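Here is a short note for anyone opening this entry for the first time. Please keep the structure in view while reading the points below.

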Amino acid sequence: MRIECPFCGERDLSEFTYLGAARESAAGVAAAQFAEPHVAAVYLRSNPAGVHRELWRHGYGCGSWLEVTRDTRTHLISAVRLAREAAP
Ligand SMILES: [Zn+2]
């Protein structure tokens, strides 16, 4: 899989770090409220099938935080933008 960084261009996945869902589902957030914080962070992430917005960091590149819209069934990336632009 390759990710198109807005600053560096298309780069290999190995340059990026996955940081979780950009916005967790209501069910995932509710489940996390009843678990120890470190357990929730590792085991209670939602894993939806289909189009999903994820937070990635280009740690071995420019260091930017990115919101990646990806289909978890096909790994096809439909959009990449800076996380700060995606923040509500
Ligand atoms: Zn970059």
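Which protein donors hold the zinc ion, and how far from it do they lie?

1. The model is a predicted one. In it, the zinc ion has these protein donors: Cys5 (SG), Cys8 (SG), His58 (ND1) and Cys62 (SG). They lie 2.1 to 2.5 Å from the ion.

2. Now the geometry. The four donor atoms make angles of 103 to 120°. The site counts as tetrahedral because all angles fall between 85 and 135 degrees. For reference, the ideal angle for four tetrahedral donors is 109.5 degrees.

3. Along the chain, the donors of the zinc ion are spaced as C-x2-C-x49-H-x3-C.

4. Are His58 and Cys62 buried or exposed? His58 has 0% relative accessibility, so it counts as buried, with the cut-off set at under 20%. Cys62 has a relative accessible area of 36% and is partly exposed, since that class lies between 20% and 50%.

5. Next, the sheet. It is open and has four strands, in the order β3-β4-β5-β6. The pairing is antiparallel. The edges are β3 (17–21) and β6 (77–82). Each has a single partner strand, so one side of each lacks a neighbour in the sheet. On average, neighbouring strands of this sheet are turned by 30° against each other, direction ignored.

6. One pairing merits a direct look. Strand β5 (residues 65–71) runs antiparallel to β6, and five bridges join them. Which residue in β6 stands opposite Glu67? That residue is Arg81.

How values were computed. Residues are numbered from 1 along each chain as its sequence is written. This is a predicted model: local features need pLDDT of at least 70, side-chain atom pairs count only at pLDDT 80 or more; totals for chains, interfaces and linings use all residues. Side-chain values use heavy atoms; hydrogens and water are left out. Donors are N, O and S atoms within 2.8 Å of the metal (3.2 Å for Na, K and Ca); water is not among the atoms, so sites may look incomplete. Four donors count as tetrahedral if all angles lie between 85 and 135 degrees; four count as square planar and six as octahedral if opposite donors are over 155 degrees apart and all others between 65 and 115; anything else is irregular. Buried means under 20% relative accessible area, exposed over 50%, partly exposed in between (1.4 Å probe, protein chains only). Two strands pair if DSSP finds at least two bridges between them. Helices (H or I, at least four residues) and strands (E, at least two) are DSSP runs, numbered from the N terminus. Axes are lines fitted to C-alpha atoms, for helices over the stretch in contact, and angles run from 0 to 180 degrees between N-to-C directions.
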